[in-house]
Amino acid sequence: MKTQGSSEARTDLDVTSFSSLAEGLASTFRTGADLPWPAGRFEKLALQIFRWQFATNEIYRRFAEGRGATPDTVAGWEEIPPVPVRAFQRMRLVSGDPDSVERIFRTSGTTGGTLRGEHHVLRLDLYRASLLPSFRARLLQDDASLRFISLIPSPSEAPDSSLSTMVGAAMDAYGAAGSGWFATPRSLDVEGLLNALRSAEQERQPVLLLGTAFAFVHWLEALSVAGAGVRFDLPSGSRLLETGGFKGRSRVLPRHELYAELSDRLGLGIEWMINEYGMTELLSQYYEPGVGKRAPTPSLGPVLDSRRLVPPPWLRFRALDPVTLRALPEGQRGLLAHYDLANAGSVMAVLTEDLGYREGDGLKLLGRAPGAEPRGCSVAMDELLAAAEGG
Amino acid sequence: MSPRRFQAWFLPAPLTYVGGVEVFERGHELEIEVPLLSEDSARSLVAHLRRARTALLERPAREIARALGAAGARLLDPQDELRREALEVLPASARLSGPMARAVLDGMAADWSATRLLALLDAELHGGAALDGFLSDATGRRKRALAPALNVHVCAGTVPGVSVTSLVRALLTKSAVLLKPGSGDEVLPVLFCRALAGIDPLVAAAVAVVYWKGGSDEPLERTSLPEADLLVVYGGDEAVTRARAAARATTPVVAYPHRLGIAVMGTAAMDSTTPGTRSASGPAERGSALERSATAAARAVALFDQRGCVSPHVFFVLGDENQAAAFAARLAEALRVIEGQLPAAPLEEGEASTLQQLRGTAEMESAVGGGRVWSGGAASWTVLLGARIELVTWPGRVARVVPVGSVEAVLQALGRFRRHLQTVAVAGLAPATLELLSEGLARLGAARIAPLESAPWPPPWWHHDGLGPLSALVRWTDSEEGGR
C-alpha cells in the first residue's frame, strides 16, 4: 500500500538488520531538518532503536537492566537510560556486528586524562544522512553557493576526527568550486588562507569559513603578527561556522570578543557567524539558528556568550539533576543528556558532563561541569599515581 | 538571608588587626574574613611571638597542658556558647553535614583534654619534667628537651581540628607558634585560641592563627617561613615541597604528607554466622562478625567524609571472590545505614557530574570484566568490588574491595604506595597472620596498624607518621658529666 510521506507507518524501522534499520533512518533524515516531526515519531523511533540496542549491545543491555530499563518496561523515550560519555573511553560500544564497523572516531583526549573516547561507527552513510540536512538547514537555507574555506583538517589528514569527516561530507555535497583545506592537526596554512580569501574577494565569491574557536584564535594571532593592517572584505553572503570550546588550550577568549575580532578582520557581520555544538560521541549536531538574521544589538555580548542551540528533529536533550538524574524544568540548569537517533549503531542516549538548560525549543549551553577536586588529608589519586609510577 | 561572617584569625594580645580583609565564600551561608597583613605587620607579629615564648619557658609543662585542656573542654561542653558557635559554623566551613561536624569535633577535641595531654607528656617527655629543666633519666644521663622558639605550622586539608592538634603540640613543648590552618579548618583553631586567651593569657600570647591561601605569596608567608625555627607542614606533595623550599636549609621540617588509608580483612571477619547457629548461607545475621566488621568499615569510611589521613579507601579481603563479594554487599548496606546517621556533605555540581560518569562507567565495565558496583543512588557512597585498584579521584565516599590470596599479595599490591602509607586497619586476622602482615607493613614504612573499630581515632601518643608527635618537635640537650 503506497501512502503519502506523512504516513507514520512508513517510518517504522525495518529491524531485520542494522543495514535495513540504518537505511530506514537515513531516508527519514533526508526529508529534512527544517521542519518539526509529527508528534510521536521521535518517540516511536527512539523506542525501536532502544529495543535494537538492547538486543545487540550486551554492555548496554546489562547497563539498562541494572537501571531497571528493558524494552518491556520503558514506556517513553525519556526513560531510556543514558550512558556516561566517559564510557566511550573504556569500552567499545557497538549495537551490531563489530567487524562491520566502518570507521572509529576518536576524541582529542582531554576529558578525564589521557584516555581517548572512541565512537565506533557501523555505517558512515547514516552519519552523512544525519549531518547533511542539519548543516544545510542551518547554514544554507538561502541556497547560497559558498566556497568552503576550512581551518579544520581534512579527513585524510585526520581520519579519526568526526569533525573533519563532517566538514568533508558537507564540502563534497555543498562546496562551490575552489573549496579547500587550510590546516593540518599541527599547523595552520596562514599564507594559503590569505590567498584563498583574497581570491574570493576579487572574484566576489562568497565563502563559508569553518573552524574551531581554537583555530580561529590561533589564526587571529598569526594575522596580528603578520601586520595589523591585514583585513578582508568578504563578499556578501559569506558566513562563518565556529565549533567547539577551547578545551583548555590557547587563551580563553569570550565568544563575543572572538566574533568581534573576526568581524573586524573579515568584514563580516557578526550575525553571519554561528556556533555548532557536537561531540565525537554523537553523530548529530546542534546549531545556533538564524544565520544572517540575528539582529546586532548592544547586548550581543551576553547573548553570544550564552548560546542558544537547536537540534534537528531526530535529536533531543534533557537537562538532568546532577545528583538524582531527574529531569529539570525549563530554565533550570543541569547535566545534559542527549538522545540521538543517528547513534542507532552505538548508544543513542548519552549523559555528558556539560551543563545547560532548556529555553523554548532550544538548548542554552553553559559549559563543562568542573571536575572533582581532591580534598582532605587523603592523598590525591593523581599524586598517588605519580608516586606509584615513580617506583 | 545574608551569609554569616567569620573572622579567620587570632592574634595574641595586645596585637589587634585593623587593616583590610579578603573575604572567601564557603557555600552560600558563610563567608570567612582573612586579614591582609603587610610585611611590617608580619615582622612585628613574628617578633612578638618570639618574645612571648620566653615567658612560656618559665611555665611548667603540666600547667600548660592543663590550660590547653581547659580550652579544649569548652569545645566539648554542650552549655558553652563557644561549642555552639563551632557547631553552627563548622558545617559550612568544612563542608560536612551537621551530625558529621559534631562527631568530628567530639572526636578531635577528645585529644585536647588535660588528661590526654598529660598522658602524652608521660609517654614521650618524662611527664613534662624534661621540658622544664635538666633531669637525670634511669641510666643516669642528664638531659633536657627543648623545642625551638618559633614554630610555623602550615596546614592543608579540610579535616577540622587537625590544626588545633598541631598548635597544641607546639605550645605543649613550649614553642611559640604561627599557624596557618587548612582551607576548611579555619574555625576551630580560632575558637580554641579565643578560649585559651580567656583561661591563660600568657600561653595564648605565644600563638597566632592566620588563614591565608597557601602558595599565594602573601607577605606573612614570605616573611614567616624563613623565620621559622621549625616548620610543620601538612599537605599534598606540592604543598610540602613548596614549604620546604621557603624555609632555610637549616630549618628542621616535620612533614605530614597526605596518606592512603588501607584495611586488611581476614576470614574471621567474614563469618556471617552468630554463635549458636549453624546456617552459613543467606544474609548476615545480627551480631555476626561480618555485620560487625561491615559496620565498623562503613564507619571508618564515613568519618571525616573519608578525607582523613586515617580513612580507609581500599579493603583487601584475604579470601576468595565470594567472600569479598559478601563483604562488599554487607559494606554497601552498612554505608546506606550510616548515611542516615552521619550524612555526607552534599556534592557540588561538578562532583555530582563526575560521580555519575565514574559510577556509570564502572557499572558498564563490571558487565564485561567482572567486578561489581553498589551505588547509593542519590546518596554519594559507592562500593566497588574488583581485582584492580583504580587510581581516580572519586567524589563521595567510596570503598574499593579487593580479594587477595595471601599476606604476600597484600604487601605486593601496597609496595608502590609505600611512600603514602600510614594507617592500616585490620579485622579478623589470626595472630600469626597479623604478625606476618605487621612485619611486612613495618618494612614498607606504614606507621600504624590498628583494629578497624578504632582506626579513625588514633590514641594521642601514636607515632604520627612514625614519630612521636612531641618528639618530632623537640631537641635533646645532654649534659655530660666529666669522666665515665
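1. Let's begin with a term you will meet throughout this note: a residue counts as buried when its relative accessible area is under 20%, as exposed when that value is over 50%, and as partly exposed in between. A:Lys44 has a relative accessibility of 25%, so this residue is partly exposed. Please keep in mind as you read that the model is a predicted one.

2. What does A:Lys44 pair with? The side chain of A:Lys44 meets that of A:Asp12 in a salt bridge, at 3.6 Å from N to O. The two residues come from distant parts of the chain, 32 residues apart: A:Asp12 sits in the segment before helix H1 (18-29) of chain A, while A:Lys44 belongs to helix H2 (residues 41-56) of chain A. Like its partner, A:Asp12 is partly exposed, and its relative accessible area is 43%.

3. Now for the wider count. Over all chains, a search of the whole structure turns up 48 salt bridges. Some charged side chains do not stop at a simple pair: a network of salt bridges links A:Arg106, A:Arg116, A:Glu118 and A:Asp160. It is worth finding these four residues in the structure above and tracing how they are linked.

4. Chain B has a good example of a link across the sequence. B:Glu39 and B:Arg222 form a salt bridge in which the closest N and O atoms are 2.9 Å apart. B:Glu39 is in helix H1 (residues 39-57) of chain B and B:Arg222 is in helix H10 (residues 219-227) of chain B, so this salt bridge ties together parts that lie 183 residues apart in sequence. Are these two residues buried, exposed or partly exposed? B:Glu39, at 32% relative accessibility, counts as partly exposed, and B:Arg222, at 37%, also counts as partly exposed.

5. Next, have a look at where the chains meet. The contact is made by 47 residues from chain B and 40 residues from chain A. Between them the two chains bury about 3800 Å², and 59% of that area is on carbon and sulfur atoms. On the chain B side, B:Glu349, B:Gln357 and B:Met364 lose the most area to chain A, together accounting for 19% of what that side buries.

6. What kinds of interaction are found between the two chains? Three salt bridges are counted between chain B and chain A, along with nine residue pairs in polar contact, both residues being at pLDDT 80 or more. Which element gives the most to the side of chain B that touches chain A? The answer is H14(B), with 17 residues. Sorted by class, that side of chain B has 14 nonpolar, 19 polar and 14 charged residues.

7. One pair at this contact deserves a visit of its own. The side chains of B:Glu349 and A:Arg333 meet in a salt bridge at 2.7 Å, N to O. B:Glu349 is in helix H14 (residues 349-369) of chain B and A:Arg333 is in the loop between strand E11 (315-320) and strand E12 (334-340) of chain A, so this pair joins two chains. B:Glu349 is partly exposed, with a relative accessible area of 24%, and A:Arg333 is partly exposed as well, with 42%.

8. Rings come next. The count is 20 aromatic pairs over all chains. One of them is the edge-to-face pair of B:Phe304 and B:Trp457, with 5.1 Å from centre to centre and 65° between the planes. B:Phe304 lies in the loop between helix H12 (289-302) and strand E13 (312-318) of chain B, and B:Trp457 lies in the loop between strand E18 (448-451) and strand E19 (475-479) of chain B, so the pair ties together parts 153 residues apart in sequence. B:Phe304 is buried at 4% relative accessibility, whereas B:Trp457 is partly exposed at 29%. In chain A, ring pairs link A:Phe50, A:Phe54, A:Tyr60 and A:Phe63 into a cluster.

9. Finally, a word about the backbone. Most residues other than glycine have a negative phi. B:Asp305, which is not a glycine, has a positive phi of about 50°. B:Gln306 also has a positive value, with phi near 65°. B:Asp305 is found in the loop between H12 and E13 of chain B, and B:Gln306 lies in the loop between H12 and E13 too. B:Asp305 is buried at 12% relative accessibility, and B:Gln306 is buried at 3%.

Definitions and conventions: Residues numbered from 1 in each chain as written. Chains lettered and ligands numbered in written order. Predicted model: local features only at pLDDT ≥ 70, side-chain atom pairs only at ≥ 80, totals over all residues. Heavy atoms only, no water. Helix = DSSP H or I, 4+ residues; strand = E, 2+ residues; numbered from the N terminus. Buried < 20%, exposed > 50% of the residue type's maximum accessible area, 1.4 Å probe, protein only. Contact = heavy atoms within 4.5 Å. Buried area = accessible area lost by both parts, 1.4 Å probe. Polar contact = N/O pair within 3.5 Å; in protein donor to acceptor, adjacent residues only side chain to side chain. Nonpolar A, V, L, I, M, F, W, Y, C, P; charged D, E, K, R; others polar. Phe/Tyr/Trp six-rings, centres within 6.5 Å; stacked < 30°, edge-to-face > 60°.
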